[in-house]
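Good morning, colleagues. Please take a moment with the sequence and the model on the screen before I begin.

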Amino acid sequence: MSAPVTVYVPADAGAVSLGADRVANAISAGARARGRKVDVVRNGSRGLYWLEPLVEVVTAAGRIAYGPVSAGEIPQLLDAGLLDGAPHTRRLGDIENLDWLKSQQRLTGVRLGIVNPASIDDYIAHGGYVGLSTALAMEPAGIVKVITESGLRGRGGAAFPTGIKWQTVHDQHAAQKYIACNADEGDSGTFSDRMLMEGDPFALIEGMTIAARAVGASRGYIYLRVEYPHAARALAKALTAARERGYLGADIRGSGFGFDISVRLGAGAYICGEETSMLESLEGRRGEVRVRPPLPAIKGLFGQPTVVNNVVTLATVPVVLAQGAQFYQDFGVGRSRGTIPLQLAGNVKRGGLIERAFGLTVNQLVYDYGGGSATGRPVRAVQIGGPLGAYLPESQFDTPLEYEALAAKNALLGHGGVVVFDDSVDMAQMARYALEFCAVESCGKCTPCRIGSTRGVELVDRILAASNGSRAADLVLLDELCDTMFNGSLCGLGGMTPFPVRSALKHFRNDFERKGDIPS
Ligand SMILES: Cc1cc2nc3c(=O)[nH]c(=O)nc-3n(C[C@H](O)[C@H](O)[C@H](O)COP(=O)(O)O)c2cc1C
Ligand code: SF4
């Protein structure tokens, strides 16, 4: 009896939305009908979303990819020899040899799409838990030092040095400390947290465990965006497996160190991703921003010292511990060390996850990886860093994707989401949308954001309907309103909404001036 053929079909939410479940079922049923034995493994996505559902068949010549495939095509693909890696118009060849993937530098997402996310053995077979073993043999202060020396900065948006945050929590004297993972992932065009939790959940669990060991925490929470049910299921399975195998619990791998993690579903509001709102929500209250100081690192969850880190930040920790600070430092440019999983979305031909060392230019991302716009029209702008990120015009596409270079252009990298727009975009409407988003999502605690955002929407409407004379005065007023929101808001929601508005005003002024002109 021949051994079953292993076939990988992603269980990733993006792939499932494109029919991956139906494809997996069709392969199982079709193989059975043909007397072939298959082992269908539901992996995570590799991040080539334009090719999903992407099927990989394990052959002597490697993992042969086919994509995008539909369930309806499976009988014909099976007849053509899919299970033997045979030629077909959908055949892409050895997945490892696809340029789009081969040119990436996957450190955080090294196992994405490769492993079975439900199998702890697969995780360990692919280098998992080496970082934790290293950490368990070190003093907590030594672990913090490695993270500091690696140059790792938070990937949730603010890019704060992770080592400094951990050091602060490490230095607090408290009976109880917490690790709170921010998995709210509210930014438009971002999905790296989701992909990691669905495709390699043990990496996050391992990263949180190392963080706990470093700062002396015994409890961890993952604050998970409620719209991520697939990630919730993947995490639940992985947490159970980690407990069963002694990687979580009262005495982790016989070290005497105890730590466990619970998942809490988010409240469905953008502001709950802001760390202090997240803590309020975790404590069972309405997600509203806390006044700082005190910092969460000193007085965080339930008033105790708390590390709040993003999923990508924490999932990067194992590779830093396993390979060392210098290894990680060697990637990147300037003060942006390591790699960043960029998420390319919007009007683009080849959207997906591109993990590269910091420094790739927008041009390289949008054209080399993305292949330009999906509509085939000229690309006019990208928005980087979520709904509060600036719009960059094509003339600035030579900007490297790293924190300082973007800051110099009054832009930010945020969580690494890049959304592409073609030349049909109306940038005045995009500015209006940013203000409207802020008005809808404002927690209401401070006036510049709560009132300013609504006045801003009204102002843009007035500008677009106005005659040339009154428009000039309102454009000045809009700029002053941006000043007030930027300088007077309590948190980044109100404080950063001026970024998309001002960048649209600066680079795409014509869009504000061409409407409602009264013919002379
Ligand atoms: C309005 C707003 C929304 C935010 N949403 C998120 C989010 O969804 N996920 C996240 O990790 N960080 C988010 N942040 C950043 C967090 O406040 C915080 O900086 C981050 O979780 C810290 O983790 P890091 O140091 O690993 O980046 C948001 C910030 C603001 C102001
Ligand atoms: S800026 Fe907006 S979201 Fe932030 S505290 Fe003020 S009202 Fe709340």
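I shall speak about the two ligand sites, then about some backbone features, and finally about one exposed residue.

A word on conventions: this is a predicted model, in which local features need pLDDT of at least 70 and side-chain atom pairs count only at pLDDT 80 or more, while totals for chains, interfaces and linings use all residues. Residues are numbered from 1 along each chain as its sequence is written, chains are lettered from A and ligands numbered from 1 in the order in which they are written, and side-chain values use heavy atoms, with hydrogens and water left out.

Let us start with ligand 1. The shell around ligand 1 holds 21 residues, and Gly156, Asn182, Asn309, Asn310 and Thr313 are the closest; a residue is near a molecule if one of its heavy atoms lies within 4 Å of it. By class, this shell has 10 polar, 6 charged and 5 nonpolar residues. In that classification Ala, Val, Leu, Ile, Met, Phe, Trp, Tyr, Cys and Pro are nonpolar, Asp, Glu, Lys and Arg are charged, and the others, Gly among them, are polar.

Which elements each supply at least two residues of the shell around ligand 1? They are β9 (306–310) and α20 (492–496), and β9 gives the largest share, 3 residues. Helices (H or I, at least four residues) and strands (E, at least two) are DSSP runs, numbered from the N terminus.

Turning to polar contacts, these are pairs of N or O atoms within 3.5 Å. In the side chain of Thr313, an N or O atom is 2.7 Å from an oxygen atom of ligand 1. The backbone also takes part: an N or O atom of Gly186 lies 3.2 Å from an oxygen atom of the ligand, and one of Val308 lies 3.5 Å from a ligand oxygen atom. Of the 610 Å² of accessible area that ligand 1 has on its own, the protein covers 91%; these areas come from the Shrake-Rupley method with a 1.4 Å probe.

Now to ligand 2. Among its 13 surrounding residues, Cys443, Lys445, Cys446, Cys449 and Cys491 come nearest. The shell around ligand 2 comprises 8 nonpolar, 4 polar and 1 charged residues.

The backbone deserves attention next. Two peptide bonds that precede a proline are cis: that from Glu52 to Pro53, with omega near -10°, and that joining Gly67 and Pro68, with omega about -10°. Pro53 is placed in the loop between β2 (38–41) and β3 (55–59), and Pro68 in the loop between β4 (62–66) and α3 (74–79).

Positive phi values also occur outside glycine. Tyr129 has phi near 70° and lies in the loop between α5 (120–125) and α6 (130–136). Glu185, with phi of about 30°, is found in the loop between β6 (178–183) and α9 (192–199). Are these residues buried or exposed? Tyr129 counts as buried because its relative accessibility is 3%, and Glu185 counts as buried at 6%; buried means under 20% relative accessible area, exposed over 50%, and partly exposed in between, with a 1.4 Å probe and protein chains only.

I close with Ala175, in the loop between α8 (162–171) and β6. At 86% relative accessibility, Ala175 counts as exposed.

Conventions. A polar contact is a pair of N or O atoms within 3.5 Å; within protein, one must be able to donate a hydrogen and the other to accept it, and residues adjacent in sequence count only if both atoms are side-chain atoms.
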